[in-house]
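Let's take a walk through this one together. Have a look at the model first, and then we'll go piece by piece.

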Amino acid sequence: MGGRPTRVVPALSNTDRHNQATYGTGHRAGANGTKTVGLVMYRIRVNPDELRLSAREIDEVGQGYLALADRSLRVGLDAPSYDGQFGPQVRAVGIEGSARLRALADRLSERAQGLRRIAADFDGVDQTSRQGMAAWGQQLLGLH
């Protein structure tokens with residue numbers, strides 16, 4: 001009757017199993033199918049190098065958006081005017097398109113920076129954990 005308390009979420013971009021998260025609901029099936037609230041083990045595996053690679057790829061997409069924004073602005077500003085009808089409308093579209101593309105590029109840049117922060121945080125946790133384990137090992141060796 002009861003289901004598993006956790007689900008495994010596979011990697012989004014490739015078959016790399018480092019990028020995998022396991023999460024739970026905090027509920028387990030009890031006797032006779034009743035639900036009980038209990039401790040669920042959370043397992044999060046993150047590859048900081050993959051996060052940095054993704055951040056770099058996101059930055060590249062953002063740079064492409066900036067290039068398109070510049071092109072949109074140039075095309076809009078350089079549009080010829082036929083009896084004062086065509087030019088102003090195309091200029092407005094070019095300026096609006098440029099502004100929207102720049103806003104998207106800014107948001108992508110923020111996301112990429114967020115991924116870099118997460119990667120740095122995980123690196124810091126790993127380093128602290130390694131130092132703690134080394135100190136714990138030294139304490140155990142001292143007990144002989």
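Which residues of H2 are buried? They are Gly-87, Gly-94, Ser-98, Ala-105, Ala-112, Gly-114, Leu-115 and Ala-119. Keep in mind that this is a predicted model.

To see where H2 sits, step back to the whole chain. The protein has two helices and five strands, and from the N terminus on, the elements go β-β-β-β-β-α-α. Of its 144 residues, 18% count as buried. As for contacts between residues at least 6 apart in sequence, 50% of them join residues at least 24 apart.

Now back to H2, which covers residues 86-142. With 57 residues at 1.5 Å each, this helix should span 84 Å, and its end C-alpha atoms are indeed 84 Å apart, so the expected and actual spans agree.

What do the buried residues of H2 pack against? Their partner is helix H1, residues 48-77. It helps to remember how a helix turns: an α-helix has 3.6 residues a turn, so residues three or four places apart point the same way.

How do the two helices lie relative to each other? The axes of H1 and H2 come within 8 Å and cross at roughly 170 degrees. An angle over 145 degrees counts as roughly antiparallel, and therefore that is how H1 and H2 run with respect to each other. H1 passes H2 in a left-handed crossing. The residues making up this contact of H1 with H2 comprise 25 nonpolar, eight polar and eight charged ones.

Key:
Residues are numbered from 1 along each chain as its sequence is written. This is a predicted model: local features need pLDDT of at least 70, side-chain atom pairs count only at pLDDT 80 or more; totals for chains, interfaces and linings use all residues. Side-chain values use heavy atoms; hydrogens and water are left out. Helices (H or I, at least four residues) and strands (E, at least two) are DSSP runs, numbered from the N terminus. The expected span of a helix is 1.5 Å times one less than its number of residues. Buried means under 20% relative accessible area, exposed over 50%, partly exposed in between (1.4 Å probe, protein chains only). Contact means heavy atoms within 4.5 Å. Axes are lines fitted to C-alpha atoms, for helices over the stretch in contact, and angles run from 0 to 180 degrees between N-to-C directions. Angles under 35 degrees count as roughly parallel, over 145 as roughly antiparallel, 65 to 115 as roughly perpendicular and the rest as oblique. A crossing is left-handed if the near helix is turned anticlockwise from the far one by less than a right angle, and right-handed if clockwise. Ala, Val, Leu, Ile, Met, Phe, Trp, Tyr, Cys and Pro count as nonpolar, Asp, Glu, Lys and Arg as charged, and the others, Gly among them, as polar.
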